[in-house]
Number of protein chains: 2
Amino acid sequence: MKLYFSPLACSLASRIVAYETGTPLQLVEVDSDRPDGAYAELRAINPLAQVPALVTDDGRVITENAAVLQYLGDGTLVPTDRNERTKLHEWLSFISTELHKTVYVPLLDKHANEGAKAYALSKAPVRIAALASRLDGRSYALDSFSVADAYLVAVLNWSTVTPVELPPAVVAYRTRMHERPSVRRAMAEEYPLYAGRKPAIPQRTFQSAGS
Amino acid sequence: MKLYFSPLACSLASRIVAYETGTPLQLVEVDSDRPDGAYAELRAINPLAQVPALVTDDGRVITENAAVLQYLGDGTLVPTDRNERTKLHEWLSFISTELHKTVYVPLLDKHANEGAKAYALSKAPVRIAALASRLDGRSYALDSFSVADAYLVAVLNWSTVTPVELPPAVVAYRTRMHERPSVRRAMAEEYPLYAGRKPAIPQRTFQSAGS
């Protein structure tokens, strides 16, 4: 299978899941600042030109992070019990709609205006507090590591380059995830690709993955 | 089961699914302008105070529209085939993240600043074009009516009160959905509740449900 990714974007979660499950992936890096090659390929299969996009061995295209993750984690990192699966759906929806799209996208988007960034930042406190409450007393989003954790760690990394404040319990969760071999390996591979193309960013969070 | 809803919000989709499947629901209306009663109950079980929130007969709380819909539609309006289920996940993620949260929420939010509204509107054309492309030649999001259609019709209703332009193919899809008995009934019940508490809005779209 072929996975289109961008370093440290939410596609990091797919790489983590692939390492967790031992799924071989052909990883194709895309860069929106170089709109030919891989980026043009991606846009041809996904008009939003967003990562991740997965092309299966029989040629089907799967877009949207929650869909790609549930496909890659099926049978291992996606629960089969109905109630647990419902909890997974809640987590994936909360992470994607409330954290990823509502809070982080405008803050990370260099084309977003100041009003949009202020609006996004105003949405953060209640959502981050809800996240902390959801994680309270838990090692993982569900009872064991799942695709929701892979997605959540990818999103929480972005706090390092945004003004979003994370409470200690959420930072502790992220640090625990960074100690997981699959996450450590994925971060170690994508961080240099990210650092090589972007202006300097604070490195403390990403270094904590290996500490 | 008890469903917390707000008239013509995305919780409309849960009502449609309940009517499609014959699931009895106790429907509890919440109004953020009256922050006691049902709204206080909702906030006690969902810190984001968002609808829909479902309380099952054995007391479990399910939040997040994609999760509530997949729970309510399980066995009937959620496909069991793995590839079809993946397509459903793609649709639910696309509708919730790209349309609902990215485009419509800031446009509908009376507290959103002008920059946030302009940013949201700038995101609409490529997303609405992608939606039109996804619907091209199809009667439904999947091969038959599913929870994705229930969600999509609820979201597309909001174009009536926002500057988002829908191409003819998308309008035609919405009109077809409005002719469906479950949708017609749900709209007929929620529209008066909505109209009774809000300033006047253009009625042509909602009236088309019954025409």
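Where in chain B is the place of Pro52(B)? The place of Pro52(B) is the loop between α2 (38-45) and β3 (53-55) of chain B. Figure 4 comes back to this spot. Everything shown here comes from a predicted model.

**Figure 1. Chain A as a whole, with its nine helices and four strands.** Reading from the N terminus, the order goes β-α-β-α-β-β-α-α-α-α-α-α-α. With a radius of gyration of 16 Å, close to the 17 Å that the globule rule gives for 211 residues, chain A is as compact as a globular protein of that length. Put a box around its C-alpha atoms along the principal axes and you get roughly 45 × 40 × 30 Å. Of the 211 residues in chain A, 58% are buried. As for how the fold is knitted together, take the contacts between residues at least 6 apart in sequence: 68% of them join residues at least 24 apart. On the outside, chain A exposes about 8,600 Å², and 52% of that area is supplied by carbon and sulfur atoms. Charges balance in number, with 23 positive and 23 negative side chains, and the centres of the two sets sit 2 Å apart.

**Figure 2. Chains A and B, superposed by a rotation of 180°.** The shift along the rotation axis is 0.0 Å, and the RMSD is 0.0 Å. That is the relation of a two-fold axis. Both copies use the same surface, as 100% of the contact residues of chain A recur in chain B.

**Figure 3. Phe5(A) and its surroundings in chain A.** Phe5(A) belongs to strand β1, which covers residues 2-5. Is this residue buried or exposed? Phe5(A) counts as buried, because its relative accessibility is 3%, and the cut-off for buried is under 20%. Setting aside neighbours within four places in sequence, Phe5(A) touches Ser11(A) and Arg15(A), then a run made up of Leu27(A), Val28(A), Glu29(A) and Val30(A). Val51(A), Glu190(A) and Leu193(A) are also in contact with Phe5(A). For a sense of scale, Leu121(A) is 116 residues from Phe5(A) in sequence and 26 Å away in space, C-alpha to C-alpha.

**Figure 4. The cis peptide bonds at Pro52(A) and Pro52(B).** Most peptide bonds are trans, so this pair deserves a close-up. In chain A, the bond joining Val51(A) and Pro52(A) is cis, with omega about -5°. Pro52(A) itself is in the loop between α2 (38-45) and β3 (53-55). Over in chain B, the bond from Val51(B) to Pro52(B) is cis too, and omega is near -5°. As for Val51(A), remember that it turned up in Figure 3 as a contact of Phe5(A).

**Figure 5. Glu64(A) and Glu64(B), each with a positive phi.** Most residues other than glycine have a negative phi. Glu64(A) is not a glycine, yet its phi is positive, about 75°. Glu64(A) is found in the loop between β4 (61-63) and α3 (65-73) of chain A, and with a relative accessible area of 10% it is buried. Glu64(B) also has a positive phi of about 75°. Its place is in the loop between β4 (61-63) and α3 (65-73) of chain B, and at 10% relative accessibility Glu64(B) counts as buried.

**Figure 6. Helix α1 of chain B, residues 12-21.** How many of the 10 residues of this helix are buried? Seven are, so the helix is largely enclosed by the rest of the structure. The buried residues are Leu12(B), Ala13(B), Ser14(B), Arg15(B), Ile16(B), Val17(B) and Ala18(B). They pack against two strands, β1 (2-5) and β2 (26-29), and against the helices α3, α6 and α8 (181-195) of chain B. Just after α1(B) comes Gly22(B), with a positive phi of about 70°.

**Figure 7. Ser159(B), in the loop between α6 (147-156) and α7 (168-178) of chain B.** Though it sits in a loop, Ser159(B) is buried, with a relative accessible area of 7%. Which residues does Ser159(B) contact, leaving aside its neighbours within four places in sequence? They are Tyr104(B), Val164(B), Leu166(B) and Arg174(B).

Terms used
Residues numbered from 1 in each chain as written. Chains lettered and ligands numbered in written order. Predicted model: local features only at pLDDT ≥ 70, side-chain atom pairs only at ≥ 80, totals over all residues. Heavy atoms only, no water. Rg over C-alpha atoms; globule rule 2.2 N^0.38 Å. Buried < 20%, exposed > 50% of the residue type's maximum accessible area, 1.4 Å probe, protein only. Contact = heavy atoms within 4.5 Å. Areas by Shrake-Rupley, 256 points an atom, 1.4 Å probe, with all protein chains shown as cover. Lys, Arg positive; Asp, Glu negative; His and termini not counted. Charge placed at Lys NZ, Arg CZ, Asp CG, Glu CD. Least-squares fit on C-alpha atoms with pLDDT ≥ 70 in both.
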